[in-house]
Amino acid sequence: MGKSISNTLQSFFLWELLKGLRLTGRNFFARKITVQFPEERTPKSPRFRGLHALRRYPNGEERCIACKLCEAVCPAAAITIESEERDDGTRRTTRYDIDLFKCIYCGFCEESCPVDSIVETDIGDFHMENQGDNIITKDQLLAIGDKYEKRIAAARAEDAPYR
């Protein structure tokens, strides 16, 4: 009986609203924290996963063996792979596309790759200006991998986040 009276009084005096206003008032006068983005950066989590890259072996040959495990494990179906057999009997990709709008940056593709070909870098500053720019092709992925290979390899060697 006492609990129902207490609930009635709290709802009559709008207790939850007053608690919310108290919280708002406490934070209203607190010092504001604003980051001036291009000049200042907030720290990234060591687990941050950003733009994808395809890696090459030191001899320049692409690592991807077209096993299609990354395509199969991708929960968003963002990866499309087509492959063909080469003269020496090995498979290589002819098409490797990632739709960045579909991608949820979960890292499953990176974890499933047996040859450490596809990686997610720490690059978070990328944008699309034209329709269709959200699809990253094999050539673009390889170019990203070539550009950042030293950072990727160093991070893999010490099992640390990309920096």
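Reader: Hey, quick one to start: where is the place of Asp116?

Author: Asp116 is in the loop between H4 and strand E4, which covers 118-120. Keep in mind that this is a predicted model.

Reader: Okay. And what is phi of Asp116 near?

Author: Phi of Asp116 is near 55°, a positive value, and Asp116 is a residue other than glycine. Most residues other than glycine have a negative phi.

Reader: Which other residue has a positive phi near 55°?

Author: Tyr105 has one, with phi near 55°, and Tyr105 is a residue other than glycine too. You'll find Tyr105 in the loop between strand E3 (91-99) and helix H4 (108-112).

Reader: How do Tyr105 and Asp116 count, buried or exposed?

Author: In between, for both. Tyr105 is partly exposed at 21% relative accessibility, and Asp116 is partly exposed with a relative accessible area of 22%. The cut-off for buried is under 20%.

Reader: Back to Asp116. Which side chain does Asp116 meet in a salt bridge?

Author: The side chain of Arg55, at 2.6 Å from N to O. That pair links distant parts of the chain, 61 residues apart: Arg55 sits in the loop between strand E1 (52-54) and helix H3 (69-73), and Asp116 in the loop between H4 and E4.

Reader: What about Arg55, buried or exposed?

Author: Arg55 counts as buried, because its relative accessibility is 5% and the cut-off is under 20%.

Reader: Which Glu also meets Arg55 in a salt bridge?

Author: Glu149 does, at 2.7 Å from N to O. Glu149 lies in helix H6 (residues 149-157) and Arg55 in the loop between E1 and H3, so this pair ties together parts that are 94 residues apart in sequence. Glu149 itself is partly exposed, with a relative accessible area of 21%.

Reader: How many salt bridges does the count come to?

Author: Eleven salt bridges. One of them joins the side chains of Asp97 and Arg95, at 2.7 Å from N to O. Asp97 is buried, with a relative accessible area of 12%, while Arg95 is partly exposed at 32%.

Reader: And which residues are linked in a network of salt bridges?

Author: That would be Glu61, Arg86, Asp88 and Arg92.

Reader: Changing topic! How many aromatic pairs does the count come to?

Author: One aromatic pair. The partners are Phe28 and Phe29: their ring centres are 5.0 Å apart and their planes stand at 90°, so the pair is edge-to-face.

Reader: Why edge-to-face, though?

Author: Because of the angle. Planes over 60 degrees apart count as edge-to-face, and the planes of Phe28 and Phe29 are at 90°.

Reader: So are those two Phe residues buried or exposed?

Author: Phe28 is exposed, with a relative accessible area of 56%. Phe29 is exposed as well, at 70%.

Reader: What lies over the face of Phe28?

Author: Lys32 does, at 5.8 Å from the ring centre.

Reader: Cool. Which residues form a nonpolar patch on the surface?

Author: The patch is formed by Leu14, Trp15, Leu17, Leu18 and Leu21, and together they have about 500 Å² of accessible area. To pick out one of them, Leu17 lies in helix H2, which is residues 15-28. Leu17 counts as partly exposed, at 48% relative accessibility.

Reader: Let's zoom out. How many helices and strands are there in the chain?

Author: Six helices and five strands. Read along the sequence, they follow the pattern α-α-β-α-β-β-α-β-β-α-α.

Reader: And what radius of gyration does the chain have?

Author: The chain has 25 Å, whereas a compact globule of 163 residues would have a radius of gyration near 15 Å.

Reader: What box do the C-alpha atoms fill?

Author: Roughly 85 × 40 × 35 Å, taken along the principal axes.

Reader: Last one: what percentage of the residues are buried?

Author: Buried residues make up 29% of the 163 residues in the chain. Arg55 is one you've already met, at 5% relative accessibility, and Asp97 is another, at 12%.

Terms used: Residues numbered from 1 in each chain as written. Predicted model: local features only at pLDDT ≥ 70, side-chain atom pairs only at ≥ 80, totals over all residues. Heavy atoms only, no water. Phe/Tyr/Trp six-rings, centres within 6.5 Å; stacked < 30°, edge-to-face > 60°. Buried < 20%, exposed > 50% of the residue type's maximum accessible area, 1.4 Å probe, protein only. Lys NZ or Arg CZ within 6 Å of the ring centre and 35° of its normal. Patch = residues over 30% accessible without salt bridge, like charges linked within 9 Å, V, L, I, M, F, W, Y side chains within 5 Å. Areas by Shrake-Rupley, 256 points an atom, 1.4 Å probe, with all protein chains shown as cover. Salt bridge = Lys/Arg side-chain N within 4 Å of Asp/Glu carboxyl O. Helix = DSSP H or I, 4+ residues; strand = E, 2+ residues; numbered from the N terminus. Rg over C-alpha atoms; globule rule 2.2 N^0.38 Å.
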